[in-house]
Amino acid sequence: MKKRQFIFDLFMLLLSIFLTVGVLFLFHACGQHEDGKFAACHWAERTVFGVGIVLSFITFFNMLSKNYSEKVAFSTSIGFISLLAFATPGILIDICKMPSMICVSAMRPAVMIISMLIFVVSIVNRLFMAKEHKEA
Amino acid sequence: MLPLRNIVKAPASTAVLVVLSMLICMSMFAGSVLVLGMNRGLKSLGERLGADIIAVPEDLAEKEGLESIILDGTPGYFYMDSEVLEKIRKIDGVEAVSEQYFLASLSEGCCSAAVQLIGFNEKTDFTVTPWVSESYSDKLDKFDVLVGANVVPESGNKLRFYDQQCNVCAKLAPTGTEFDNAVFASAETIKALMKCAENKGISLIADGDPDSVVSSVYIRVAKNADIENIRFAINKIEGVKAVKAKSMLTGVAESMNVVSAMVKAVVIAIWIFCMVVIAIGFALFVNGRKKEFAVLRVMGMSRMKIAKLVMCEALCINLFGGVLGALISVILLYSFKYLIVNGIGLPYFMPGFPVMLMIMILSVLVSAVLGGVTAFYSAYKIARVDTGIILREAG
């Protein structure tokens, strides 16, 4: 159980860090316009970065925690926050419309895939935890 | 059920083998879709060009290269004297001539990008109209535009260029080429937009008269005429550079062949690597269970049944890995399709759902069979093992 738990916790932490760092350097939003203004996707990027930091901290504390109730709370909140990250680009905050823009072609799919992966891992982890707790 | 139980019992070994099998399927699926998508893109581009010869300003052709001007789709504008049109029309063997006007929009306001505006003469055009008419067959009025598949109009089907609002009449079907990012309008509209640009202080034309310029000329040659001779004659006109559309397509096809060859090489390398590692991994996986197989033999299981059991385990692992790989590939290819298109820099038209499904099934089957083949030696070896020796070794 400990080994499985460790792998799941580590996976969630690494994904959260990847989401946070990636949205700034790898799959970032469009740059500043010629007139000095920022497109809405820039603010979507900032929001995902903020959500990513929160996710990274929660997944880190989840990894440190040994208490079952604490882990249940952490795992549930990871699931909900990852959904928030998923919905940020394009649903909660508008991004550019042209598919050739980097925010549409790279940022949105990358954020959606990573956050959905965190969500699925947190749900599967939660199910395993419930099963193992029942057996114990 | 026994093969499945055996697989679940060893999650670490199974996971490694599944990942390798997944890689085989992913490489085959993604490689096939990429190559097929590029071939479709090239075909689509050939259908869209529709002219025998294309003429553009000479200085621009020398600076940028004709292929990048016509095919790359980077928003820009370039002009030559409109008298060129008449000069070309008078050349022997020229059947039809039609001009186009290029104009780049500004990236202004929120969530907008610069797009290529292409104006065509509705009366003489024979390149854009045939495929535009599939989506829109009415006449285009002043400030009416047709948008490529990737261009998203603002609310109320409007688009604003140089402070002038234009009506979006239709969205064109996807082509897999840079035309998907362009906006088409009548020559009258583009000339009016040039004036709007001038009013905003953007100087596009030296004498400020949009009627005195054209951007490119598309030429259709008469049936028995020699294209090369006509191209030569056009190149004699001062300030004009003409190129055969076919040779332009050949250039794109050559670049495409290089990319295809690279994709194929990477796929083959992944296959060889994964098959070798799967063979070794499966041999270790089976070898570590020698005692288990010896006990099964003692209990009366025939050699053939043990071989079948091992093969069945290999098939289950590879089938699962294959399905997982195909699903991941579909998600990644669909999610990042625009990134792939931008990255390749060549015409790319993703295959439709039925073709994708067929490639997916084929990839899963091939990865399962390949996995089975690599496990064959392990199955043969373990079936022939001496039970007595193994049980004595085990004490």
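Let me begin with the contact between the two chains, which takes 15 residues from chain B and 18 residues from chain A, and please keep in mind throughout that this is a predicted model. On the side of chain B that touches chain A, the helices α11 (303-335) and α12 (337-344) of chain B each supply at least two residues, and the largest share, three residues, comes from α12(B). If we sort the residues of that side by class, we find nine nonpolar, five polar and one charged.

Now let us turn to chain A, where I would like to follow helix α2, residues 40-64. How do α1(A) and α2(A) pack? Helix α1, residues 2-25 of chain A, packs with α2(A) at an angle of about 160 degrees, and their axes are 8 Å apart; because angles over 145 degrees count as roughly antiparallel, that is how these two helices are described with respect to each other. Their crossing is left-handed. Among the residues that meet here are A:L13, A:I17 and A:L24 in α1(A), and A:F49, A:I53 and A:F60 in α2(A), and by class this contact divides into 13 nonpolar, six polar and two charged residues.

The axes of α2(A) and of helix α4 (residues 102-135) of chain A come within 12 Å and cross at roughly 20 degrees, and the two helices are therefore roughly parallel to each other. α2(A) passes α4(A) in a left-handed crossing. Here A:C41, A:E45, A:V48 and A:L55 in α2(A) meet A:C103, A:M107, A:V111 and A:I118 in α4(A), a contact with seven nonpolar residues, no polar ones and one charged.

How values were computed. Residues numbered from 1 in each chain as written. Chains lettered and ligands numbered in written order. Predicted model: local features only at pLDDT ≥ 70, side-chain atom pairs only at ≥ 80, totals over all residues. Axes fitted to C-alpha atoms, helices over the stretch in contact; angles between N-to-C directions. Helix = DSSP H or I, 4+ residues; strand = E, 2+ residues; numbered from the N terminus. Parallel < 35°, antiparallel > 145°, perpendicular 65-115°, else oblique. Left-handed = near helix turned anticlockwise from the far one by under 90°. Contact = placed C-beta atoms within 7 Å. Nonpolar A, V, L, I, M, F, W, Y, C, P; charged D, E, K, R; others polar.
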